[in-house]
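Welcome! Please take a look at the structure shown here, and then read on for a short guided tour.

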Amino acid sequence: MRYFVFFLLFSVSGFAQTAYPKDYFSPPLDIPMELSGNFGELRPNHFHAGFDFKTLQREGLAVHAVADGYVSRIKISTFGNGKAIYITHPNGYTSVYCHLQKTTDAIDDYIQKAHYKEQSFEIELFLKPNELTVSKGQTIALTGNTGSSEGPHLHFEFRDSKTEKIINPLLFGFDKYIKDTKKPTVSAVYVYPLDDKTSVNKSKRPLLLSLSLQKDGTYLANKVLANGKIGFGVTAVDYDNVSGNRNGAYKIQSFLNGKPNFGYQFDTYSFDEMRYINALVDYSRYRKTYQRVQKLFMINPYKLSIIKTDDSNGIVTVLPNLSSVYRIEVSDFFGNLNTISIPIGFDSSAAIVEKEAVVSNYFLKVNKDNNFSKNKVSVFFPAGTFYEDFDMNFDVRNDVLYLHDDSVPVHSRFEISMESDKYTDAQKEKVFIADVDSKGRTGYNSTRVKGNVYSANVRSLGKYTLAMDTTAPTISIANSIEGKWISSQKTIQLSIYDSGSGIKSYNGYLNGKWILFEYDNKTRKLTHNFSDGIVAEGANDLKVVLTDNVGNSTIFETHFFRSQK
């Protein structure tokens, strides 16, 4: 810990020091670069890893390699980044292109062969430097909307090829393609009492501070009167001159009496750090209101590398006979700055508003292993599962585990075990530990069974129970092709659905040969393109096998006629 604090103290005066190449890379699109998401933007359970470029609200725009290099990795997934390719460049950096509709030319041929070799739509390939080389400006793909994308766009990243750390594209000279003369917008500043004894403005609960605009363009908050340890949080977004989108703030820095106190800026970080967003924001407020307040303090320090702090970890101790000024600076990459000053004084008056009552039956210590059991249900939390100590509710009633609620963030997985003797051996393979949402809907969790004990590793608090899925998934086709000539059709498309444990696998066969079906999770559709060349002249027999996560299967069969002449 002493080394950790020393590193932070040593680093507080400066953030990114690496000299990144400014003119080496070109834009990946032919159109002007407009952002719908920037680097470091706050997202559910993660910081945004790159830029989201708008694509005129449509798919099919040409995507270009931003520099010479070779395709080092290809990943095709139904979720996440969808269809993605990685290009490693000789200068030590890798560029990443995601949510693609399709790749082109030699890259597409390579992927197609891999699909059929592995007999899977979802693939991940790692290539050698001499397998697929590309030139700067070469068209490598078309923009799309695959994976977890919520609309057509190109997700683009830079990474350090050795460390895999992601890097803000603005550091590579991409700032010259984006015009931004607007200050970041600060919509809220909160002050937090950080222990049971402290009150702020006679309240033991977090308070929203009033801000008034000053003649010099800065903001002044109403005076904070406190009597102990306090911390501050801010809600801030940034806008550029063109896109109109709410982007994340690049840099936030606090000062206490003119000295740096706590801050971070989004230059580079690793994927292992992504989930620390849930420690950085006021997670409970976010779950209740969807407002992300970025905290400028750490009660229990966590290893998010972008944070630079003094030895107080951003916590301000208000003492008698001392007045202080706390200043928050929110700035973007272009130097546009918004400043808020907060005067602080001491007040020993009794609190009028008491801390919100917490009804709980346990107190969980974050740095210790914790094990809870009741009615043949047990939960094991390894040390470090959470970010802070908290009052926790744990109960089991009518075979349902009530495990607090989702207002407390979970960093790493923990184990739930449930014992039940009411299932036969045949039924056991259909049983899983299900999470239950507020509407009573169940979600599947990969479950192990040993004897009568079912176990699963999960990553959120809430309700859990044992569920059994004996219903097979469904396959349907909008327009029947049974016994028909479909020579003018370029594709076959099927709709698939599972109401229980969820779809695990899908395989299609044409005249006994495996064929590629692409799956779109947003529309729940499988699509086979006849350009694969598997279809026969004349009569064809199609078979599709769909299996859910507990082994229930459905087989869809039909036959059709097609001419390629």
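The tour below goes from a sheet to its aromatic residues, and then on to the open spaces. Please keep in mind that this is a predicted model.

## A sheet of four strands

A good place to start is an open sheet of 4 strands, which run in the order 44-43-47-48 with antiparallel pairing. At its edges are strand 44 (513-515) and strand 48 (553-562), each of which pairs on one side only. From one strand to the next, the twist averages 30°.

Inside this order, strand 43 (residues 503-510) and strand 47 (residues 538-548) pair in the antiparallel sense, over 7 bridges. If you would like one position to look for, try Tyr 506, which stands opposite Leu 546 in strand 47.

## Aromatic pairs

Rings that pair up are a recurring theme, with 42 aromatic pairs in the structure. Two of them are set side by side here.

| Pair | Arrangement | Centre to centre | Angle between planes |
|---|---|---|---|
| Tyr 93 and Phe 172 | edge-to-face | 5.0 Å | 80° |
| Tyr 506 and Tyr 519 | tilted | 5.4 Å | 50° |

Let us take the pair of Tyr 93 and Phe 172 to begin with. Tyr 93 belongs to strand 8 (residues 93-98), while Phe 172 is in the loop between strand 14 (166-167) and strand 15 (185-193), so the pair ties together parts that are 79 residues apart in sequence. Are these two residues buried or exposed? Both Tyr 93 and Phe 172 are buried.

The other pair brings back Tyr 506 from the sheet. Here Tyr 506 in strand 43 and Tyr 519 in strand 45 (residues 518-520) are 13 residues apart, and their pair links distant parts of the chain. Why does Tyr 506 count as buried? Its relative accessible area is 14%, and buried means under 20%. Tyr 519 counts as buried as well, at 14% relative accessibility.

Tyr 93 and Phe 172 are also members of one aromatic cluster, whose other members include Tyr 20, Phe 51, Phe 156 and Tyr 177.

## Charges over rings

Some rings have a charged neighbour instead. The charged end of Arg 327 sits over the ring of Phe 255, at 4.2 Å from the ring centre. In a similar way, Arg 397 lies over the face of Tyr 402, 3.9 Å from the centre of that ring.

## A buried loop residue

Another aromatic residue, Phe 121, is found in the loop between helix 2 (105-118) and strand 10 (123-126). Phe 121 is buried, with a relative accessible area of 5%. Along the chain, Phe 121 and Gly 483 are 362 residues apart, and their C-alpha atoms are separated by 27 Å.

## Cavities and the largest pocket

How many cavities of 30 Å³ or more are there? The count comes to 3. The largest cavity holds about 170 Å³ of space. Its lining is made up of 18 residues, and those nearest its centre are Leu 35, Asn 38, Leu 170, Asp 238 and Phe 334.

The largest pocket contains about 1500 Å³ of space. Around it are 42 lining residues, with Asp 282, Ser 284, Lys 355, Val 358 and Glu 388 nearest the centre. Strand 15, helix 3 (277-280), helix 4 (283-289) and strand 32 (390-392) are the elements that give two or more residues to this lining. Which element gives the most? That is helix 4, with 6 residues.

Conventions. Residues numbered from 1 in each chain as written. Predicted model: local features only at pLDDT ≥ 70, side-chain atom pairs only at ≥ 80, totals over all residues. Heavy atoms only, no water. Pairing = 2+ DSSP bridges. Axes fitted to C-alpha atoms, helices over the stretch in contact; angles between N-to-C directions. Phe/Tyr/Trp six-rings, centres within 6.5 Å; stacked < 30°, edge-to-face > 60°. Buried < 20%, exposed > 50% of the residue type's maximum accessible area, 1.4 Å probe, protein only. Lys NZ or Arg CZ within 6 Å of the ring centre and 35° of its normal. 1 Å grid on protein atoms, 1.4 Å probe; cavity = no way out; pocket = protein on both sides within 12 Å on 5 of 7 lines; lining within 4 Å. Points joined across faces, edges and corners; volume = space filled by probe spheres on them.
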